[in-house]
Amino acid sequence: MSPEFQVDLSELEGRKFTCIDGCGLCCLCQPELLPNEERLFRSKFPNMVVLKNEPHRHYAMAMKKGMGSCAFLNDRRCKVYNDRPHFCREFPFHIHVGMRAQVQLDLSCRGAWVTDGEDAMTAGAKIAEDAKEAINHTLYESKRVYREFFDNCHESGIDPDPEPMQALVRERLEKMTYLPYLATVLEGSAEDEQIDLRKLRVPAELDKSAMRELESAALEGANDSLGAPNAFDAPVYCDEANRWNVFLSEHGRFEQYIIKDSGDLEHVRSVDPNAVRLLVPDESGRKVMADYLRILNNRDSIIGSTYYLVDEYDYEDYFPNVYLGVLSTSMLDMIWRASLIAHVKGTKLDGAGVREGIIYYDMDRLDGPSIGAFI
């Protein structure tokens, strides 16, 4: 690794990964082409490359019928696998560059949950080594942005050091998997007073009114996170049979579609959101939740999202409130999605059920706005 910087790989420790045959979730992403890739694909496949103007002008791979999976995907096999773009090669790893570089693992990839596969730490280190020039450049560019952010915090009397809050959360991972504790953190993070995890008064259980309030907050968040102009822009849940499911919030209901390999949509069912109960994870489910919370609490992209919101709120909120608000709303969104999947499948929130919620949610968590960038 370059001596100019170090890359944090701690999220990858002890994890394996593999590419699951027939999955193709990553082929629903439309990768931007790097300059050398743009020249290659425009010369060899001029009709398979499109010019995009958002969020900036760039060339990308064409998608089936303009919105489905990658045009090079055939029978869930990549026709240009050996020449696939940089961003396709990196998946399910993402390099976040903020105050430092950190490699994060996309847990929406089902291949990131295997126990027998490639060593994620070794693969992540190789990807970071290959990207060291881009990391160095982005670190240099981000210094000005962070300096401006920290100056604004100083002028507003905000301490943006995340470590004290991360340490408090680490000590309470198991507690935060209980809905009463999560609801209390969520409520406290929205108060005008600074939240103090050491002084929270948590009820033993939620009464009906408090549970309805939590379900209402979860549903409101789900409507925001699952809302999209069309099904192809909505979050995708790749299920155990490698079907690409979409639950699109439309007219007060969630319409479930399957994105077909052809680029067409198949309507499956209409779900009344009021019929979806926020389920209580059992002991095995809480263990999976605690591990996911530990990962989120260590991610620099979560800190970046907190910084983004501190700036968005004009530096008027306490840093601990914003940080815990990001964590608790993330966990609540994940639990609601897990409950939605359990509702349509008739299952429960055991370890496997919570894992499905994380698979549905994590890609969107990584895609959240952040001060810092994925390269």
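The legends below describe close-up views of a predicted model.

**View 1. The packing of helix α5 against helix α10.**
Helix α5, which covers residues 163–170, packs against helix α10, residues 319–345, at an angle of about 45 degrees, and the two axes lie 10 Å apart. That angle makes α5 oblique to α10, because values between 35 and 65 degrees fall outside the parallel and perpendicular ranges. The crossing of the two helices is right-handed. On the α5 side the contact is made by Met165, Gln166 and Val169, and on the α10 side by Phe319, Pro320, Tyr323, Leu324 and Leu327. Sorted by class, the residues of this contact of α5 with α10 comprise seven nonpolar, one polar and no charged.

**View 2. The packing of helix α10 against helix α11.**
Helix α10 also packs against helix α11, residues 351–366, here at an angle of about 125 degrees and with the axes 8 Å apart. The pair α10 and α11 is therefore oblique, and α10 passes α11 in a right-handed crossing. From α10, the residues Val326, Ser330, Asp333, Met334, Arg337, Ala338, Leu340, Ile341 and Lys345 take part, and they meet Gly353, Val354, Glu356, Gly357, Ile358, Tyr360, Tyr361, Asp364 and Arg365 of α11. By class, the contact of α10 with α11 contains nine nonpolar, three polar and six charged residues.

**View 3. Helix α6 and the surroundings of threonine 184.**
Helix α6, residues 179–189, is mostly covered, with 10 of its 11 residues buried. The buried residues of α6 are Leu179, Pro180, Tyr181, Leu182, Ala183, Thr184, Val185, Leu186, Gly188 and Ser189, and what covers them includes helix α7, residues 208–226, together with α10. Threonine 184 has its place in this helix, α6, and its relative accessibility of 12% means that threonine 184 counts as buried. Leaving aside residues up to four places away in sequence, threonine 184 touches Leu200, Arg201, Val202 and Pro203.

**View 4. The open sheet that contains strands β1 and β8.**
Four strands form an open sheet in the order β1-β8-β7-β14, and their pairing is mixed. Strand β1 (7–8) and strand β14 (373–374) stand at the edges, each with a single partner strand, so one side of each is left without a neighbour in the sheet. Strand β1 is joined by two bridges to strand β8, residues 101–105, and these two strands run parallel. Within that pairing, valine 7 has alanine 101 of β8 as its bridge partner.

**View 5. Strand β11 between its two antiparallel partners, β10 and β12.**
Five of the seven residues of strand β11, residues 244–250, are buried, so this strand is largely enclosed by the rest of the structure. Strand β10, residues 236–238, pairs with β11 in the antiparallel sense over three bridges, and the bridge partner of tyrosine 237 in β11 is asparagine 245. The hairpin that β10 and β11 form has five residues between the strands, and asparagine 242 in the turn has a positive phi of about 65 degrees. With strand β12, residues 253–259, β11 pairs in the antiparallel sense over seven bridges, and here phenylalanine 247 is matched with glutamine 256 of β12 as its bridge partner. Two residues lie between the strands in the hairpin of β11 and β12, where histidine 251 takes a positive phi near 50 degrees. In a regular strand, side chains alternate between the two faces of the sheet.

**View 6. The hairpin of strands β3 and β4.**
Strand β3, residues 49–52, and strand β4, residues 58–61, pair in the antiparallel sense over four bridges. In this pairing, leucine 51 has tyrosine 59 of β4 as its bridge partner. The hairpin that joins β3 to β4 does so through five residues.

**View 7. Alanine 131 in the loop between helices α3 and α4.**
Alanine 131 is found in the loop between α3 (120–130) and α4 (132–156). With a relative accessibility of 7%, alanine 131 counts as buried. When residues up to four places away in sequence are not counted, alanine 131 touches Ile95 and Ile375. Alanine 131 and lysine 64 are 67 residues apart in sequence, and their C-alpha atoms are 30 Å apart in space.

Note on methods
Residues numbered from 1 in each chain as written. Predicted model: local features only at pLDDT ≥ 70, side-chain atom pairs only at ≥ 80, totals over all residues. Heavy atoms only, no water. Axes fitted to C-alpha atoms, helices over the stretch in contact; angles between N-to-C directions. Parallel < 35°, antiparallel > 145°, perpendicular 65-115°, else oblique. Left-handed = near helix turned anticlockwise from the far one by under 90°. Contact = heavy atoms within 4.5 Å. Nonpolar A, V, L, I, M, F, W, Y, C, P; charged D, E, K, R; others polar. Pairing = 2+ DSSP bridges. Buried < 20%, exposed > 50% of the residue type's maximum accessible area, 1.4 Å probe, protein only.
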